[in-house]
Amino acid sequence: MESIIKKITHPYAYELRQARLDAAIITKKPMIERPFYYENIENNEQYYDIYGCIGWPTAVSEKDEGRPGYLAIVAVIKDAQPIEEPIFRLLAEAESKNIPTLLNHTISMREKYGYGLQPTLLASWWGDPDRFITTIARFNERYKGKELAISPTVDLYESTCFDDYARSMQSLISKDIEVKRFKFSGLEILKSRLREFKRDEPAVMAVGGLVHTLLLSTEWMDQHSSNCFVIDN
């Protein structure tokens with residue numbers, strides 16, 4: 001599948017990055033904007049970064065066959081807000097109760113949204129890496145060198161993780177905030193699941209976990225170590 005994302009790099013990327021590092025040191029800011037970004041060739045929208053997330057299907061029981069697992073591609077929109085207060089764009093989503101089907105969707109989705117343009121772009125998806133390990137391992141045998149990796153979302157192993165993820169999601173779309181900071185792009189699965197709002201909902205675990213992680217870690221910016229630089233008083 002042909003990608004609809006292209007990478008835009010500043011012609012003087014090294015010099016720009018160094019200038020931003022110097023400014024960050026002076027202002028004592030721990031994060032800096034990268035000297036590159038991504039552009040959607042279909043609508044010319046620009047993104048600081050693009051991420052994939054996954055929420056696994058819920059458990060099967062005698063009375064319940066479980067809710068489907070959920071996948072999404074989410075971007076951080078460039079220049080929509082101050083860079084520390086991101087606005088997120090839902091670019092794509094899919095769901096299935098079948099694990100191989102979910103995994104196949106990750107491959108087609110990452111190819112469409114720029115996988116390979118940058119070493120870190122969609123190289124790892126955010127979610128629970130401890131589920132369906134054997135199935136993922138067998139799946140990855142088909143993609144040597146391009147295996148699907150899953151990174152744990154922040155606070156995943158805390159008993160309150162679903163509450164934390166739901167609250168982070170609500171902080172972006174709540175009725176009592178002036179600027180809504182999550183755009184659904186006309187896609188309906190996540191929106192529908194948020195309306196239903198069942199506990200441990202895979203869509204909320206996926207996207208809520210992703211935005212919770214991004215809001216706490218500012219992954220779309222680069223971090224510098226002040227220990228590497230010395231400024232005379």
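Q: What counts as a helix in this predicted model?
A: A helix is a DSSP run of type H or I with at least four residues, and helices are numbered from the N terminus. Met 169 sits in one of these, helix H4, which covers residues 161–173. In total the chain has six helices and ten strands.

Q: Why is Met 169 called buried?
A: Buried means under 20% relative accessible area. Met 169 has 2%, so it counts as buried.

Q: What makes up the surroundings of Met 169, leaving out residues up to four places away in sequence?
A: A contact needs heavy atoms within 4.5 Å. By that rule Met 169 touches Phe 182, Phe 184, Leu 190, Leu 194, Val 207, Gly 208 and Val 211. Take Leu 194: it is 25 residues from Met 169 in sequence, with 9.4 Å between the two C-alpha atoms.

Q: Why are H4 and H6 called roughly perpendicular?
A: Their packing angle is about 75°, and their axes are 8 Å apart. Angles from 65 to 115 degrees count as roughly perpendicular, so H4 is roughly perpendicular to H6. On the H4 side, the contact includes Cys 161, Tyr 165 and Met 169, while the H6 side includes Val 207, Gly 208 and Val 211.

Q: How do you know that H2 and H3 are oblique to each other?
A: Helix H2 (residues 99–112) and helix H3 (residues 133–140) pack at about 45°, with axes 11 Å apart. Roughly parallel needs under 35 degrees, roughly perpendicular needs 65 to 115, and roughly antiparallel needs over 145. An angle of about 45° fits none of those, so the pair is oblique.

Q: Which residues bring H2 and H3 together, and which hand does their crossing have?
A: From H2 come Ile 99, Leu 103, Asn 104 and Ile 107, and they meet Thr 135, Ile 136 and Phe 139 of H3. The crossing is right-handed.

Q: Which residues of helix H5 are buried, and what covers them?
A: H5 runs over residues 189–196, and its buried residues are Leu 190, Ser 192, Arg 193 and Leu 194. Their cover includes strands E5, E6 and E9 along with H4 and H6. Just after H5 comes Phe 197, with a positive phi near 45°.

Q: What makes the phi of Leu 122 worth pointing out?
A: Leu 122 has a positive phi, near 55°, and it is a residue other than glycine. You'll find Leu 122 in the loop between H2 and strand E7. With 1% relative accessible area, against a cut-off of under 20%, Leu 122 is buried.

Q: Why is Ser 185 called partly exposed?
A: Its relative accessible area is 39%. Buried needs under 20% and exposed needs over 50%, so Ser 185 falls in between and is partly exposed. Ser 185 lies in the loop between E9 and H5, and its phi is positive too, near 60°.

Q: Why is Met 1 called exposed?
A: Exposed means over 50%, and Met 1 has 61%, so it qualifies. Met 1 belongs to the segment before strand E1.

Q: Which residues does Met 1 touch, beyond those up to four places away in sequence?
A: Met 1 touches Ser 108, Glu 111 and Lys 112. Glu 111 is 110 residues away in sequence, yet the C-alpha atoms of the two are 6.1 Å apart.

Q: How do you know how many disulfides there are?
A: A disulfide needs two cysteine sulfur atoms within 2.5 Å. Searching the whole structure turns up zero such pairs. As for the cysteines, Cys 53 is at 0% relative accessibility, so it is buried. Cys 161 is at 10%, which also makes it buried.

Q: How much of the chain is buried?
A: Of the 233 residues, 45% are buried.

Q: How confident is the predictor about this chain?
A: The pLDDT averages 88, and 86% of the residues score at least 70. Over residues 226–233, though, the pLDDT is below 50, and that stretch has six contacts in the model beyond near neighbours in sequence.

Q: Why be careful where pLDDT is low?
A: Because predicted coordinates should not be read in detail there.

How values were computed. Residues numbered from 1 in each chain as written. Predicted model: local features only at pLDDT ≥ 70, side-chain atom pairs only at ≥ 80, totals over all residues. Heavy atoms only, no water. Buried < 20%, exposed > 50% of the residue type's maximum accessible area, 1.4 Å probe, protein only. pLDDT = per-residue confidence, 0-100. Helix = DSSP H or I, 4+ residues; strand = E, 2+ residues; numbered from the N terminus. Axes fitted to C-alpha atoms, helices over the stretch in contact; angles between N-to-C directions. Left-handed = near helix turned anticlockwise from the far one by under 90°.
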